[in-house]
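Q: Hello! I am new to this structure and would like to learn how to read it. Could you walk me through it, one feature at a time?

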Amino acid sequence: MNKPLALIIEDDYDLSEIFSAALQRDEFETEIIRDGRDAIERLKGPAPAIVVLDLHLPYVDGATILKQIHATESFSSTAIIVATADAQQADSLQGQADLILLKPVGVNQLHELAKRLLIRWRQNT
Amino acid sequence: MTDKKKLLKNRWMLTPVEIAGIVLFILLTISGVVVSVQDALQLRRALDLNLTQTIILNQGIVNLQREVQLTHKEVLRLLGNLDNPPKPITRFDFVKIQVNNLVTQVESQTRTYAFPETDLAIVHEIEGETAVIDRMIASLDESNSPTLQAVTLKSLDSQLDGLESSIKQLVDRQATLQREEIIQTRDSLTASQRTDVIVGIVVTILSFALANLFRRTLTSRLQQVVESDRLKGQLLANVSHELRTPINAIQGYSQLMSEGAYGDLSDKQKTTVQRVLINTTQLKGMVDNLLDRAQMEQGKLTLRKEPFVPADLIESTHSALNILASTKNLELTSEITPDVPTALNGDMLRLQQILFNLVSNAIKFTEKGSVHIRISLPDKEHWALQVTDTGIGITPEKQTQVFAPFWQVDSSATRHYRGSGLGLSIVKQLSELMGGSVSLTSQPEKGSTFTIIFPLETQK
C-alpha cells in the first residue's frame, strides 16, 4: 500500500526535522522545503496528501503560498495545515486552511493529527 | 499587574540620603521662620522699653518745669503784694514749701537719671541755682525787714528765671536727644528686621529649592525604575521566547528518539533519553511560566476563546508528565465525569499550562501514592478542574501563602524540590484571568486537592 506524502514547508531546521520524523513514524512519506521560492516551484509537482505550512518563510511568505496552493488545481484535495506562533495571524487565516496549529507543536499533537489525517486519506483514496 | 504596583511601591522606599534631605528641608524652613519671628519680637520689645524710659524721663523733667513755674508764680505774687502785705509770713511759708518741693524734685530727677555728658553742665547749673534759691529762702526766714525781704524776693525772682530757662534748656535738649534716639533706634530696628526678613526669605527659598531638587531626584528615579522594570519585562519576554524554540527542538528530538523514530535503542539509551525528556519538560514548564509572568506584567497576555476537547487537555498533560510520574513510581490517573460536554470553550494552551503546573507540582511533592486529575460539573454554570495528590500536604497557616510568587512550603525545600516557585502563582493568575477561582484543601502528610472552578461556556 502506498504511503501518503506530507509536504513540510518550514524554514526552521529542527522543526522541519521533528515534523518529518513524527509524520514518518505515522506512516507518511515526507518532503521538506525550506524557503518560499522553492515552495512556489514545488506547486508544479505532484500533489501531496497534506501540506504543513509555516507562515514566516524566506523570499515568499506563507500567506502568499497559501493563496497559491488554493489556486493550484492539482492540490485541491490536499489537506492544508498551517503552523504559526502568531495567534493573531492564526485568527486572520481562519477558514483558509483545514487546520491551524499554534506553535509550539508537540510530538504527541503531531501523532494525534497524523492518525486522523491518515484515516481521512485512506477514506478518500 | 498588582505585583508590578507592589514592586513600584516597594521601590518608592526612601534612601537615607533622601530622608536626610527632607528632614534638612523641614528644619531649614522652620528655623528660617522662627528666627525672623523671634528677632522681630525681641526688637519690638527693646523698642517699647526704650520708648517707655524716654517717656518717664521726659515726664520727670516736665514735672520739674511745672514745679519751677509754680514757685516762680508764687514769688511774683509775693512781690506784687509787698507794698501791702496783709499776712506776709503765711505767704513766705507757702513759698518755702514750694521751694523745698522744688529742691527735692531737682535732687531726685538729677539723681535718678543718667544724663548724657553733654547735658551734665546744664544739670550742674540747675543744681547750683537750686542751692542758691534754697539759701535765699533760708536767709528770707531770718530777716524781718520788708526791704530786705523785697530785695531777696527780687533776686529770688531773677534766680528762678534762670532756673526756669535752665530747665527749659534741659527739656529742649532732652526732647531733641530723645527724638534722635528714637529715630536711631527705629532705623537700627528696621535695618535689623530687614536683615532678618532677607535671611528668612533666603532660607525659605533655599529650602524650597532643596525640596524641588529632591522631588526631581525622586521623580527621575521613579521614571528610571519604571523604565528598567519595563526593559526587564521586555528582556524576559524576549529571552523566554528565544529559550522556548531550542527547548521545543530538544523535547521533540528526545521524544522521537525514545519512541524509536531514529532506530532501536538499548535499555540504557532508552532510559537516558527519557531522562533528557523529563528534564526538558520541566525546563519547558519553567520557561513557559516565566514567559507568562513577563507577559502578564507587561499587560500583554491575551487569552483565546475557542472550543477544545477536555479529553485532549488531560491527554496532553498525561503524555508530558507520565514519564515523570512513573520515575517516582506514582500513579497518574484521570477521569472526566459523564455530564461534562465533549467540547468546552477556553484557551487550551493556558489550560494545559495550568494543569501542567498543578500536576507537576503534585508529582513534585508526592513520594508515594497517586496523582489524580478530574474534570467535572459542580453545577449547571461551572466546570471544575481538580488535581488531588497523596503528598506531603500543606498546613492551614501556609495554605494562603502557596499562591504567592517565588514561594515554596519551606524555603529549604527549594533545594530538594526544584522549581522556580512560580507555578502556583501562575495557576492562580491565569485562572483568574479566565474568570476562574482557585481553592485548596489539604491535610499535612495526607495530601492536597487543588480545585479551579471556571464559568461554563459550552460551544453553541
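Q: How many residues lie between β4(B) and β5(B) in their hairpin?
A: Happy to help, and a first reminder: this is a predicted model. The hairpin of β4(B) and β5(B) has 2 residues between its strands. Strand β4 covers residues 370-379 of chain B and strand β5 covers residues 382-389, and the two pair in the antiparallel sense over 7 bridges.

Q: Which residues face each other across that pairing, for instance opposite B:Ile373?
A: Pick a residue in one strand and look straight across to its partner. B:Val387 in β5(B) stands opposite B:Ile373. Likewise, B:Ile375 has B:Leu385 of β5(B) as its bridge partner.

Q: In what order do the 5 strands of the open sheet in chain B come?
A: Read a sheet from one edge to the other, rather than along the sequence. Here the order is β2-β4-β5-β7-β6 in chain B, the sheet is open, and the pairing is mixed. The strands at the edges are β2 (331-336) and β6 (437-443) of chain B; each has a single partner strand, so one side of each is left without a neighbour in the sheet. From one strand to the next, the twist averages 15°.

Q: How many bridges join β5(B) to β7(B), and in which sense do these strands run?
A: Those two strands run antiparallel and are joined by 7 bridges. One pair to find on the screen is B:His382 with its bridge partner B:Pro455 in β7(B).

Q: Which strands does helix α8 of chain B lie across?
A: For a helix beside a sheet, look at which strands it touches and at the angle it makes with them. α8(B) lies across β2, β4, β5 and β7 (447-455) of chain B, and runs at about 25° to β5(B). Another helix to look at is α7 (residues 310-327) of chain B, which lies across β2 and β4 and runs at about 175° to β2(B).

Q: What span should the 17 residues of α8 in chain B have, and how far apart are its end C-alpha atoms?
A: Length is a handy check on a helix. At 1.5 Å a residue, helix α8 (residues 348-364) of chain B should span 24 Å, and its end C-alpha atoms are 24 Å apart, which agrees. As a general idea, an α-helix has 3.6 residues a turn, so residues three or four places apart point the same way.

Q: How many of the 17 residues of α8(B) are buried, and what caps its N-terminal end?
A: This helix is mostly covered, with 14 of its 17 residues buried. The cap at the N-terminal end of α8(B) is B:Asp347, which has a side-chain oxygen 3.2 Å from the backbone nitrogen of B:Leu349.

Q: Is B:Ser376 buried or exposed?
A: To judge this, look at the relative accessible area; under 20% means buried. B:Ser376 has a value of 9%, so it is buried. This residue is found in strand β4 of chain B. Leaving aside residues up to four places away in sequence, B:Ser376 touches B:Thr337, B:Val340, B:Trp383 and B:Ala384. The side chains of B:Ser376 and B:Arg374 are joined by a polar contact of 3.5 Å.

Q: What is the phi of B:Asn329, and where is this residue found?
A: Phi is a backbone angle, and its sign is what to check here. For B:Asn329 it is near 55°, a positive value in a residue other than glycine. B:Asn329 is found in the loop between α7 and β2 of chain B, and it is exposed, with a relative accessible area of 70%. B:Glu445 is not a glycine either, and has a positive phi of about 70°. Look for B:Glu445 in the loop between β6 and β7 of chain B; this residue is exposed too, at 68% relative accessible area.

Q: To finish, how many helices and strands are there in chain B?
A: Chain B has 11 helices and 7 strands. Of its 460 residues, 38% are buried. Chain B exposes about 25900 Å², and carbon and sulfur atoms supply 59% of that area. Among contacts in chain B with a separation of 6 or more, 77% come from residues 24 or more positions apart.

Conventions
Residues are numbered from 1 along each chain as its sequence is written. Chains are lettered from A and ligands numbered from 1 in the order in which they are written. This is a predicted model: local features need pLDDT of at least 70, side-chain atom pairs count only at pLDDT 80 or more; totals for chains, interfaces and linings use all residues. Side-chain values use heavy atoms; hydrogens and water are left out. Helices (H or I, at least four residues) and strands (E, at least two) are DSSP runs, numbered from the N terminus. The expected span of a helix is 1.5 Å times one less than its number of residues. Buried means under 20% relative accessible area, exposed over 50%, partly exposed in between (1.4 Å probe, protein chains only). A polar contact is a pair of N or O atoms within 3.5 Å; within protein, one must be able to donate a hydrogen and the other to accept it, and residues adjacent in sequence count only if both atoms are side-chain atoms. Two strands pair if DSSP finds at least two bridges between them. Axes are lines fitted to C-alpha atoms, for helices over the stretch in contact, and angles run from 0 to 180 degrees between N-to-C directions. Contact means heavy atoms within 4.5 Å. Accessible areas come from the Shrake-Rupley method with a 1.4 Å probe; for residues, only the protein chains shown count as cover.
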